[in-house]
Amino acid sequence: MSDKKNWPLWEIFVRSKNGLEHRHFGSLHAADAEMALENARDVYTRRNEGVSIWVVESKNITASNPEHNGEMFEPAQDKVYRHPTFYDLPDEVKHM
Amino acid sequence: MSEEQIKNLEVQFEARIARDEKIEPKDWMPEKYRKTHIRQMSQHAHSEIVGMLPEGNWITRAPSLRRKVALLAKVQDEAGHGLYLYSACETLGISRDELYDQLHSGKAKYSSIFNYPTVTWADMGAVGWLVDGAAIINQVPLCNTSYGPYARAMVRVCKEESFHQRQGYEIMMKLANGAPEQKELAQDALNRWWWPSLMMLGPTDAESIHTEQSMKWKLKRKSNDDLRQQFIDQTVPQAELIGLTIPDPDLKWNEERQSYDFGEINWDEFWQVVKGHGPMNKERMKARVGAWEEGEWVRDAAMAHAEKKQARKQKQAI
């Protein structure tokens, strides 16, 4: 079999313990999802770092472009009224 | 993009790094930054992969089950470290295949320390204690380097590396406290690994071509000579503690500097090994390329199996 077919790249997400979200740990190559899970177990959880693993083939992830960060994220900057500190309350109201 | 625009972006880029901001894969970066990082990260990954070979040599001959499980775990960690670093490197737009090609064709370098042979069991002790010790000194500052994926990989690597050094020192300690023949083995291993370990921290500052730019990008935080001094100062008392002698007649505590003075390093030997004339260069590449080529049918079979399974699933769905 000479025509080379490389194992695709997978992104690995690990939940370190119940109650926490899955977090991106890194990536690895594997022939299919099942092998990606097995490899992820060996590469990223050799010391009990996880209780659950997700694998996603990297090509299926759509990422935002940092060059468009302006139009993407700046609109939130002038919306201070979304934060509690925007509202004036008398000091007597201690917790709200 | 015009030259002026690029210049502008470069200025902004350098300012971000100076502010300790991290650079992430999709961010704009100067071509030189990308290339330098690919070079350093891949060299680092290759070193982890080739670094498994001198130790793999002793797995089947480890003197006890305790030593064997530890050595197996250490070698497996090194495979893992290689994989973290390769995937971090791939975020810069180079494929795993290209990276392997560069290693196998000799275009990319790996740490020259792995071109020395591991001839006795005591070498497993010396490698863990000295080689991993020097590696840690090199690597800890990289946990704060400017390129996000590299820094994150290094945090994991450093966390795992400390067991490597401790298990090596424990081996040396046990031998040094054993029968005279065992102590001799330990001393002999120290004699052979001491100088190569010092060289591992890189050429002297005057000779090092990459230092200045690398400092700016936080790929380096201390110069090679500073790192070497740190390594010597921390290792000499460890040798004394287990009754071994550092093979350097010029080694002497300098009260004024609060550091050890040490003898001349044989840089000719270093450059010979870097250029491929070390005792094990050919052997290491042969083993590595052999493993890769002999594994090809397994990789192909796994891919064929995955495709077949996928096709079966699609057929069932119709």
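A residue counts as exposed when its relative accessible area is over 50%, as buried when that area is under 20%, and as partly exposed in between. These words are used in the legends below, which describe a predicted model.

**Figure 1. A:N48, an exposed residue with a positive phi.** A:N48 has a relative accessibility of 74% and therefore counts as exposed. The residue sits in the loop that runs between helix 1 and strand 3 (52–57) of chain A. Its phi is near 55 degrees, a positive value in a residue that is not glycine.

**Figure 2. B:Q258, a partly exposed loop residue of chain B.** The loop shown lies between strand 1 (252–254) and strand 2 (259–261) of chain B and contains B:Q258. Phi of B:Q258 is near 55 degrees, again positive in a residue other than glycine. With a relative accessible area of 45%, B:Q258 is partly exposed.

**Figure 3. The contact between chain B and chain A.** Chain B brings 23 residues to the contact, and chain A brings 23 residues. The size of an interface is often given as the accessible area lost when the parts come together. Here the area buried between the two chains is about 2100 Å², and carbon and sulfur atoms give 49% of this area. B:K26, B:R156 and B:M303 supply 24% of what chain B buries against chain A, more than any other three residues.

**Figure 4. Polar contacts and the chain B side of the interface.** Between chain B and chain A, 12 residue pairs are in polar contact, with both residues at pLDDT 80 or more. On the side of chain B that touches chain A, at least two residues come from each of helix 4 (65–90), helix 5 (96–104), helix 7 (148–176) and helix 13 (296–317). The residues of this side of chain B comprise 13 charged, six nonpolar and four polar ones.

**Figure 5. A salt bridge between B:K309 and A:D32.** Side chains of opposite charge can pair when their charged atoms come close. In the pair shown, the closest N and O atoms of B:K309 and A:D32 are 3.1 Å apart. B:K309 belongs to helix 13 of chain B, while A:D32 belongs to the loop between strand 2 (22–29) and helix 1 (33–44) of chain A, so this salt bridge joins two chains. B:K309 is partly exposed at a relative accessible area of 28%, whereas A:D32 is buried at 14% relative accessibility. Six salt bridges are found across the interface of chain B and chain A. The whole structure, over all chains, has 26 salt bridges.

**Figure 6. B:D132 and its surroundings in chain B.** B:D132 is part of helix 6 (residues 122–139), and its salt-bridge partner B:K74 is part of helix 4 of chain B, so the pair ties together parts that are 58 residues apart in sequence. The closest N and O atoms of B:D132 and B:K74 are 2.9 Å apart. Both count as buried, B:D132 with a relative accessible area of 5% and B:K74 at 0% relative accessibility. Apart from neighbours within four places in sequence, B:D132 is in contact with B:K74, B:E78, B:V127, B:E161, B:H164 and B:Q165.

**Figure 7. A salt bridge within helix 10 of chain B.** B:R228 and B:D225 form a salt bridge in which the closest N and O atoms are 2.9 Å apart. Both residues lie in helix 10 (residues 224–241), three residues apart, about one turn of the helix. B:R228 is buried at 1% relative accessibility, and B:D225 is partly exposed at 28%.

**Figure 8. A network of salt bridges formed by residues of chains A and B.** A:R46, A:R47, B:D77 and B:E160 are joined into one network by salt bridges that share partners.

**Figure 9. The largest nonpolar core and A:L28.** In soluble globular proteins, nonpolar side chains tend to be buried together. The largest nonpolar core of this model has 97 residues. A:L28, B:M172, B:W193 and B:W194 are the residues with the most contacts inside this core. Not counting residues up to four places away in sequence, A:L28 touches A:P8, A:L9, A:W10, A:I12, A:A36, A:N39, A:A40, A:V43 and A:Y44.

Methods:
Residues are numbered from 1 along each chain as its sequence is written. Chains are lettered from A and ligands numbered from 1 in the order in which they are written. This is a predicted model: local features need pLDDT of at least 70, side-chain atom pairs count only at pLDDT 80 or more; totals for chains, interfaces and linings use all residues. Side-chain values use heavy atoms; hydrogens and water are left out. Contact means heavy atoms within 4.5 Å. Buried area is the accessible area (1.4 Å probe) that two parts lose on being put together, summed over both. A salt bridge is a side-chain nitrogen of Lys or Arg within 4 Å of a carboxyl oxygen of Asp or Glu. A polar contact is a pair of N or O atoms within 3.5 Å; within protein, one must be able to donate a hydrogen and the other to accept it, and residues adjacent in sequence count only if both atoms are side-chain atoms. Helices (H or I, at least four residues) and strands (E, at least two) are DSSP runs, numbered from the N terminus. Ala, Val, Leu, Ile, Met, Phe, Trp, Tyr, Cys and Pro count as nonpolar, Asp, Glu, Lys and Arg as charged, and the others, Gly among them, as polar. Buried means under 20% relative accessible area, exposed over 50%, partly exposed in between (1.4 Å probe, protein chains only). A nonpolar core is a set of buried Ala, Val, Leu, Ile, Met, Phe, Trp, Tyr and Cys residues joined through side-chain atoms within 4.5 Å.
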